[in-house]
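Hi,

Here is the structure I said I'd pass along. Have a look, and my notes follow underneath.

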Amino acid sequence: MNPLTIVVLDRASLLPRPLNLNFPHILKEYENTELTEITENICGAHIIITNKVAITADHIAANPQLKLIAVAATGYNNVDLAAAKAA
């Protein structure tokens, strides 16, 4: 199994616990991601973990390999759900 690339976009907003993942993966963690950095930071990601960073239809369309967008918050208005569902 090829490793999945997991990107955490705003690690500073999450509890300082390690992510315990028991499958082959490459983990990329960014303390904070500015609007101008989103496209570059998620390039090639299979899984995106976000708290506050918005994931738009353009971000989703540019990453056809994307399998999961995990929102580490109580809401999900920062993800274009229609685009995610369509993908």
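In which sense do strand E3 and E4 pair, and over how many bridges? Keep in mind that this is a predicted model. The pairing of E3 (residues 47–50) with E4 is parallel and runs over four bridges. One pair to click on is Ile49, whose bridge partner in E4 is Ala70.

Zooming out to the sheet: four strands make it up, it is open, and the order reads E2-E1-E3-E4, with parallel pairing. The edges are taken by E2 and E4 (68–71), and each of these has a single partner strand, so one side of each has no neighbour in the sheet. Going from one strand to the next, the twist averages 15°.

Now for the charged side chains. The salt-bridge count comes to one. The partners are Arg11 and Glu29, whose side chains meet at 2.5 Å, N to O. Glu29 belongs to strand E2 (residues 25–29), while Arg11 sits in the loop between E1 (4–8) and E2, so the contact ties together parts that are 18 residues apart in sequence.

Buried or exposed: what does Arg11 count as? Arg11 has a relative accessibility of 12%, and because the cut-off for buried is under 20%, Arg11 counts as buried. Glu29, with a relative accessible area of 38%, is partly exposed. So the salt bridge pairs a buried Arg11 with a partly exposed Glu29, and that Glu29 is in E2, one of the strands at the edges of the sheet.

Cheers

Methods. Residues numbered from 1 in each chain as written. Predicted model: local features only at pLDDT ≥ 70, side-chain atom pairs only at ≥ 80, totals over all residues. Heavy atoms only, no water. Salt bridge = Lys/Arg side-chain N within 4 Å of Asp/Glu carboxyl O. Helix = DSSP H or I, 4+ residues; strand = E, 2+ residues; numbered from the N terminus. Buried < 20%, exposed > 50% of the residue type's maximum accessible area, 1.4 Å probe, protein only. Pairing = 2+ DSSP bridges. Axes fitted to C-alpha atoms, helices over the stretch in contact; angles between N-to-C directions.
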